[in-house]
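The following exercises concern the fold and the aromatic contacts of one protein chain. Each task is followed by a worked solution.

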Amino acid sequence: MSDLMLNILLVEDDEVDVMTVKRAFKKGNITNPLYLAGNGIEALAILRGTLGEPSLIPAERRLILLDLNMPKMNGIEFLHELRADSTIKHIPVVVLTTSNEERDRVQAYDFNVAGYILKPVTFSTFVDLMITLDKYWSHCEMS
């Protein structure tokens, strides 16, 4: 089962949302490692490594869960930087946001996101969503 391990980077600035994701992972028995970044700048540093250090996330089987509305570097700016970097541009990204703006969806899909999901209102729905995402991506062939 270890070959199905998925290294997940959650890019989210809201502590309540971070705790909700952690609780959903626990409730859904999702054991994949979860790495955290509070904005796009932190996420890029984690993925690229800093000052010659290796990335904090193993290079194998990575997935990014991305909020759009963040300080310093928002989700769309992060996607622009991610897709321009040949070493990390292949990492699949699922947008997980409260933004129901058509402009945000179009921009996100222009950067080849794997999905655009509105954050559910109820915790049980959110747990179901995390379980579904985990099952799907844990079984996908990834480079």
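**Exercise 1: Overall fold**

In the protein chain, 68% of the contacts between residues at least 6 apart in sequence join residues at least 24 apart, a contact being heavy atoms within 4.5 Å. The model is predicted: local features need pLDDT of at least 70, side-chain atom pairs count only at pLDDT 80 or more, and totals for chains, interfaces and linings use all residues. Residues are numbered from 1 along each chain as its sequence is written, and side-chain values use heavy atoms, with hydrogens and water left out.

Task: determine whether the radius of gyration of the protein chain agrees or disagrees with that of a compact globule.

Solution. The globule rule is 2.2 Å times the number of residues to the power 0.38, with the radius taken over C-alpha atoms. For 143 residues a compact globule would have a radius near 15 Å; the protein chain has 14 Å, which agrees. Buried residues make up 46% of the 143 residues, where buried means under 20% relative accessible area, exposed over 50% and partly exposed in between (1.4 Å probe, protein chains only).

**Exercise 2: Strand order and crossover**

Task: state the pattern of helices and strands along the sequence, and give the handedness of the unit made by β4, helix α4 and β5.

Solution. Helices (H or I, at least four residues) and strands (E, at least two) are DSSP runs, numbered from the N terminus. The protein chain has five helices and five strands, in the pattern β-α-β-α-β-α-β-α-β-α. Next, strands β4 (residues 93-97) and β5 (residues 115-118) run parallel and are joined by four bridges; pairing requires at least two DSSP bridges. L96 has I117 in β5 as its bridge partner. Finally, β4, helix α4 (residues 102-110) and β5 make a right-handed β-α-β unit: with the strands pointing away from the viewer, the path from the first strand over the helix to the second runs clockwise.

**Exercise 3: Aromatic pairs**

Task: count the aromatic pairs and classify the pair of Y109 and Y116.

Solution. Rings of Phe, Tyr and Trp (its six-membered ring) pair if their centres lie within 6.5 Å; planes under 30 degrees apart count as stacked, over 60 as edge-to-face and the rest as tilted. By this rule the count is two aromatic pairs. The ring centres of Y109 and Y116 are 6.4 Å apart and the planes stand at 40 degrees, so this pair is tilted. Y136 and W137 form an edge-to-face pair, 5.0 Å centre to centre with 90 degrees between the planes. W137 is buried at 10% relative accessible area.
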